[in-house]
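This report describes the fold of a single protein chain for a reader who has not met it before. Please keep the sequence and the model at hand while reading.

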Amino acid sequence: MVTKNSLTMEDRILVVLAEYNSPMEAELAKSLLTSAGIYTELENEFMSTLYPPAVPCRLMVCEEDLEQAKGLLLQR
């Protein structure tokens with residue numbers, strides 16, 4: 001039996017929590033979530049620097065952490 005704690009990162013599904021036009025804003029949100037113990041990744045971080053309006057920086061979290069992460073971002 002596989003439990004939540006025994007899953008590896010390869011077994012977890014990442015979902016988009018938020019999109020930002022500024023990588024700096026995305027980094028701030030990522031830092032907040034990471035300090036709360038939520039695993040995060042940024043997608044398109046460098047492309048959004050080159051083409052800010054066309055390519056947003058996506059903040060990704062594990063599917064099982066989505067609701068908690070949304071709540072933390074709403075509180076800030």
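## Overall architecture

Of the 76 residues in the protein chain, 29% are buried. The model described here is predicted. The protein chain contains three helices and three strands, and along the sequence these follow the pattern β-α-β-α-β-α. Among contacts between residues at least 6 apart in sequence, 62% join residues at least 24 apart.

## The sheet

In general, the strands of a sheet pair through backbone hydrogen bonds, in either a parallel or an antiparallel manner. In this model, three strands form an open sheet in the order E1-E3-E2, with antiparallel pairing. E1 and E2 are the edge strands, each of which pairs on one side only. From one strand to the next, the twist averages 30°.

Strand E1 (residues 14-20) is joined to E3 by six bridges, and the two run antiparallel. E2 and E3, also antiparallel, are joined by four bridges. Individual pairings can be followed along E3. Met 60 is the bridge partner of Val 16, Val 61 is the bridge partner of Thr 40, and Arg 58 stands opposite Glu 43.

How many of the six residues of strand E3 are buried? Five of them are, so this strand (residues 57-62) is largely enclosed by the rest of the structure.

## The helices

Helix H1 (residues 23-35) comprises 13 residues. From its first C-alpha to its last, H1 reaches 18 Å, close to the 18 Å expected at 1.5 Å a residue. The buried residues in H1 are Pro 23, Ala 26, Ala 29 and Leu 33. Seen down the axis of H1, the buried residues fall within an arc of 125°, so they line one face of the helix. These buried residues pack against E1, E2, H2, E3 and helix H3 (66-75). On the face of H1 turned away from the buried side are the exposed residues Met 24, Leu 28 and Ser 35. After H1 comes Gly 37, whose phi is positive, near 90°.

In H3, the buried residues are Leu 66, Ala 69 and Leu 73. Viewed down the axis of H3, they fall within an arc of 65°, so they too line one face of their helix. The packing partners of these buried residues are E1, H1 and E3. The opposite face of H3, turned away from its buried side, carries the exposed residues Glu 67, Leu 74 and Gln 75. H3 lies across E1 and E3, and runs at about 20° to E1.

The table sets out the faces of the two helices.

| Helix and face | Residues | Value or partners |
|---|---|---|
| H1, buried | Pro 23, Ala 26, Ala 29, Leu 33 | arc of 125° |
| H1, turned away from its buried side | Met 24, Leu 28, Ser 35 | exposed |
| H3, buried | Leu 66, Ala 69, Leu 73 | arc of 65° |
| H3, turned away from its buried side | Glu 67, Leu 74, Gln 75 | exposed |

## Two residues in detail

Two positions, one in a strand and one in a loop, are now considered.

Thr 40 is found in strand E2. Is Thr 40 buried or exposed? Its relative accessibility is 7%, and because buried means under 20%, Thr 40 counts as buried. The side chain of Thr 40 makes a polar contact of 3.3 Å with the side chain of Thr 34. Leaving aside neighbours within four places in sequence, Thr 40 is in contact with Lys 30, Leu 33, Thr 34, Leu 59, Met 60 and Val 61. Val 61, as noted above, is also the bridge partner of Thr 40 in E3.

Glu 45 lies in the loop between strand E2 (40-43) and helix H2 (47-50). Its relative accessibility is 23%, and because partly exposed covers the range between under 20% and over 50%, Glu 45 counts as partly exposed. Not counting residues up to four places away in sequence, Glu 45 touches Pro 23, Glu 27 and Cys 57. Pro 23 is one of the buried residues of H1. Glu 45 and Val 55 are ten residues apart in sequence, and their C-alpha atoms are 9.0 Å apart in space.

Key. Residues numbered from 1 in each chain as written. Predicted model: local features only at pLDDT ≥ 70, side-chain atom pairs only at ≥ 80, totals over all residues. Heavy atoms only, no water. Buried < 20%, exposed > 50% of the residue type's maximum accessible area, 1.4 Å probe, protein only. Contact = heavy atoms within 4.5 Å. Pairing = 2+ DSSP bridges. Expected span 1.5 Å × (residues − 1). Arc of directions from axis to C-beta. Polar contact = N/O pair within 3.5 Å; in protein donor to acceptor, adjacent residues only side chain to side chain. Axes fitted to C-alpha atoms, helices over the stretch in contact; angles between N-to-C directions.
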